[in-house]
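Please read the following report alongside the sequence and the coordinates, taking the confidence of the model into account before turning to its packing and its charged pairs.

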Amino acid sequence: FRRVLFRSKIGYESIIAKIKKENIASIKSFSKAGFVEKYKEKDMLIMKLVKIKICLKIWSNNVQWFDEAKRMFDEGKINFIEVYVVPGSFDESVSKLKELNVPIIIHAPHSSHGFSISSKDKMESNVKMFEETKNFAEELGANKIIVHSGFNGDIETALECLKKFDCDK
């Protein structure tokens, strides 16, 4: 790794790395850090850090924030919206979220709403809440769902619960 150059344009920063082609360890390290090969220049490999994506996380029952989230997306301030699913909010929010026409990922409820996949005594309610979460994802065209394991449980129970969610991989 010889040097890192910073360039700025309006609203965008990029990080470029110039690495000697024979420096395999550095190339691997930069690749793991998110850099991708752009081109080769003499004995150097030019790599660029891929742009980080920014999102706004809103709860599914925060309908008052939906228009603001759309404005932020349209202005290029965010790349997508992360929707935290509040159990029981599907009917009041999914059609309004759909109208935004913004990329969305879904965040399953967590322990504050009684969702804890590592807790054996919550298995039945976890599966029920996750069904609503999957419905959000399907209706909004989201292909990612964030799930936290919760607490006061164990990894084996969390894995068992995930199997019951019946998601396509």
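The report below covers confidence, nonpolar cores, salt bridges and a surface patch.

**Confidence**

This is a predicted model, and the mean pLDDT of the protein chain is 87, with 89% of its residues reaching 70 or more. Confidence is not uniform along the chain: strand 7 has the highest mean, at 96, whereas strand 1, covering residues 3–9, has the lowest, at 45. Over residues 1–12 the pLDDT is below 50, although in the model this stretch still has 25 contacts beyond near neighbours in sequence.

**Nonpolar cores**

The largest nonpolar core holds 19 residues, and the members that touch the most other members are Ile81, Leu97, Ile104, Ile106, Phe136 and Leu140. Two or more residues of this core come from each of strand 5 (55–59), helix 2 (66–74), strand 6 (80–84), helix 3 (90–100), strand 7 (104–107) and helix 4 (123–140). Apart from this core lies another, made up of 9 residues, including Ala108, Phe115, Ile117 and Cys161.

Which residues does Leu140 touch, when those up to four places away in sequence are not counted? Leu140 touches Val94, Leu97, Lys98, Ile104 and Ile106. One of these, Lys98, also takes part in a salt bridge with Glu139.

**Salt bridges**

In general, side chains of opposite charge can pair when their charged atoms come close. In this model the count of salt bridges comes to 10, and three of the pairs are set out in the table.

| Pair | Closest N to O distance | Location |
|---|---|---|
| Lys70 and Asp74 | 3.3 Å | helix 2 |
| Lys98 and Glu139 | 3.0 Å | helix 3 and helix 4 |
| Lys134 and Glu131 | 3.6 Å | helix 4 |

What separates Lys70 and Asp74 within helix 2? The two residues are 4 residues apart, which means a separation of about one helical turn. Their surroundings can be described by accessibility: Lys70 is partly exposed, at 23% relative accessibility, while Asp74 is exposed, with a relative accessible area of 51%.

The pair formed by Lys98 and Glu139 joins two helices, because Lys98 lies in helix 3 and Glu139 in helix 4, and it therefore ties together parts that are 41 residues apart in sequence. Lys98 counts as partly exposed, at 46% relative accessibility, and Glu139 is likewise partly exposed, with a relative accessible area of 37%.

Lys134 and Glu131 both lie in helix 4 and are 3 residues apart, about one turn of the helix. Is Lys134 buried or exposed? Lys134 has a relative accessible area of 13%, and so it is buried, the limit being under 20%. Its partner Glu131 is partly exposed, with a relative accessible area of 34%.

Besides these pairs, Glu68, Arg71, Glu75 and Lys77 are linked in a network of salt bridges.

**A nonpolar surface patch**

On the surface, Ile155, Leu159 and Leu162 form a nonpolar patch, and together these residues have about 280 Å² of accessible area. Ile155 lies in helix 5, which covers residues 155–164. With a relative accessible area of 54%, Ile155 lies over the 50% limit and therefore counts as exposed.

Methods. Residues numbered from 1 in each chain as written. Predicted model: local features only at pLDDT ≥ 70, side-chain atom pairs only at ≥ 80, totals over all residues. Heavy atoms only, no water. Core = buried A, V, L, I, M, F, W, Y, C linked by side-chain atoms within 4.5 Å. Buried < 20%, exposed > 50% of the residue type's maximum accessible area, 1.4 Å probe, protein only. Contact = heavy atoms within 4.5 Å. Salt bridge = Lys/Arg side-chain N within 4 Å of Asp/Glu carboxyl O. pLDDT = per-residue confidence, 0-100. Patch = residues over 30% accessible without salt bridge, like charges linked within 9 Å, V, L, I, M, F, W, Y side chains within 5 Å. Areas by Shrake-Rupley, 256 points an atom, 1.4 Å probe, with all protein chains shown as cover.
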